[in-house]
Amino acid sequence: MSERIRVAAAGAVIGLAAVLLVGFGNPQNMGFCIACFIRDQAGALRLHTAPIVQYFRPEIVGIVLGSFAISVIHGDFRPRSGSSPVLRFLIGFAVMVGALVFLGCPLRMVLRLAGGDLNALVALLGFIAGIGIGCVFLSRGFSLGRAGQASGVEGTAFPASMTFLFVLFLAVPALFAFSSSGPGSMHAPVAISLAAGLAVGIAAERTRLCMAGGIRDIILIRDFTLLGGFAAIFIAALIGNLATGRFSLGFADQPVSHSMHLWNFLGMLAVGLGSVMLGGCPLRQLILAGEGSSDSACAVLGMAAGAAFAHNFSLAASAGTGPGTNGKVAVVIAIIMLLAIAAARTARRES
Amino acid sequence: MEDFDQVVTFHTHYGALRFRKRHGSICTLKPVPRSLSSSCGTAAFIRGAVDMSMVDEYVEGIYEKEGDGWRRVM
């Protein structure tokens, strides 16, 4: 099977899994959202106290463990670290702030589009703009540095921590916070969420599916391989939404969204730029963390910290009304910080 | 995709773009084959063999297809 077909098949699996998860209880157009789910996990762990977004999402655990297991089986598990971990933490933080101002990661952006939410189309333009800016830096020598080989203990620490927290979640749920209303209260049964996460983790690891990588490859090398996954997620989810009567075209009254176009654009610009700098979108960071990359684990931890800050300091947008002043200022600061890091890590060399 | 003799992988995307700028007449840039790596970097697919003078500090490795797998030549 050609790589393009494999990537598209993985995209179809993710798109269908997302529609199924909504059918089983996840919020509308949020079958999967890496940013939202990491944010919900941060809430479940009481890193923030926003009462409507607290639930230890098993999908995230499944994605990491699916990637870990399949990479071990196929010999792709390679513990590595040392590629600017603190910068990756900060970039992950900025990506989360941008995502929570838009209200979704790149994956949810596509799922929102497939549900007819045109606010996500504005966000897609911002995402493409951010990736374009990132590509300018890549073509001028941007790099966060090479990772070196790490110990097996280092490489398994993140998947093991996820497993420990999940076992704790099952065994002693009283330790965790649970939303009783809002998006955090809406979820599929644990076993189904975990199974969907495992399937997505395996599919994405085997195909390297990445929401940012597809657009980056078109801009940099005119290659459409990875974009097939992006398109397949959209088509599969669109068909699923049409078949289940969950498609509603327009800007207004879309689930967990707002119509402040400038901030949807800028939020996803930050996500696109940060994703190129990290070498992949938030989903890809989970996959790489499962494959043993401590650097990507740092990016995920940065996202979790960003989510906690976003809700503790009112940076996240509210559904319907959009971001407040704090969120707007935070997105601008996040973009400036990303540009500063990109410039500082771009070595101008003769070519 | 099959009309190549060797595949060059790089430490950074910049390394691949720099390689194409210098040796664009004999190479095409594509994503690193999944069967070669789980990374999502960029590789140069070369017609003919890579001359060692073309190798710089950005080159990570050079590979040739061998059956269903790959043989590392550098």
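Salt bridges, an interface and a sheet

Over all chains of this structure, which is a predicted model, a search finds 13 salt bridges. Side chains of opposite charge can pair when their charged atoms come close. One such pair lies within chain A, where A:Arg206 forms a salt bridge with A:Asp76 and the closest N and O atoms are 3.1 Å apart. This pair links distant parts of the chain, since A:Arg206 belongs to helix H8 (residues 190–207) of chain A, while A:Asp76 sits in the loop between helix H3 (58–73) and strand E1 (80–81) of chain A, 130 residues apart.

From here the reader can turn to the place where the two chains meet. On the side of chain B, 23 residues are in contact with 25 residues of chain A, and the area buried between chain B and chain A is about 2,100 Å², with carbon and sulfur atoms giving 47% of that area. The residues of chain B that lose the most area to chain A are B:Tyr14, B:Arg34 and B:Cys40, which together account for 34% of what that side buries.

B:Arg34 also takes part in a salt bridge with A:Glu205, in which the closest N and O atoms are 3.3 Å apart; the count of salt bridges between chain B and chain A is two. In addition, 13 residue pairs are found in polar contact across the interface of chain B and chain A, both residues of each pair being at pLDDT 80 or more. The elements that give two or more residues to the side of chain B touching chain A are helix H1 (13–23) and strand E2 (27–31) of chain B, and of the contributions to that side H1(B) makes the most, with seven residues. Sorted by class, the side of chain B that touches chain A holds eight nonpolar, eight polar and seven charged residues.

Strand E2 of chain B also leads into the sheet of that chain, an open sheet of five strands in the order E2-E3-E1-E4-E5, with antiparallel pairing. Because E2 and strand E5 (69–72) of chain B stand at the edges, each with a single partner strand, one side of each is left without a neighbour in the sheet. On average, and with direction ignored, neighbouring strands of this sheet are turned by 35° against each other. The partner strand E3 (residues 42–46) of chain B pairs with E2(B) in the antiparallel sense over five bridges, and within this arrangement B:Cys27 stands opposite B:Ile46 in E3(B). Helix H1(B) packs on the sheet, touching strand E1 (6–10), E2 and E3 of chain B, and the direction of H1(B) makes about 160° with that of E2(B).

Key: Residues are numbered from 1 along each chain as its sequence is written. Chains are lettered from A and ligands numbered from 1 in the order in which they are written. This is a predicted model: local features need pLDDT of at least 70, side-chain atom pairs count only at pLDDT 80 or more; totals for chains, interfaces and linings use all residues. Side-chain values use heavy atoms; hydrogens and water are left out. Contact means heavy atoms within 4.5 Å. Buried area is the accessible area (1.4 Å probe) that two parts lose on being put together, summed over both. A salt bridge is a side-chain nitrogen of Lys or Arg within 4 Å of a carboxyl oxygen of Asp or Glu. A polar contact is a pair of N or O atoms within 3.5 Å; within protein, one must be able to donate a hydrogen and the other to accept it, and residues adjacent in sequence count only if both atoms are side-chain atoms. Helices (H or I, at least four residues) and strands (E, at least two) are DSSP runs, numbered from the N terminus. Ala, Val, Leu, Ile, Met, Phe, Trp, Tyr, Cys and Pro count as nonpolar, Asp, Glu, Lys and Arg as charged, and the others, Gly among them, as polar. Two strands pair if DSSP finds at least two bridges between them. Axes are lines fitted to C-alpha atoms, for helices over the stretch in contact, and angles run from 0 to 180 degrees between N-to-C directions.
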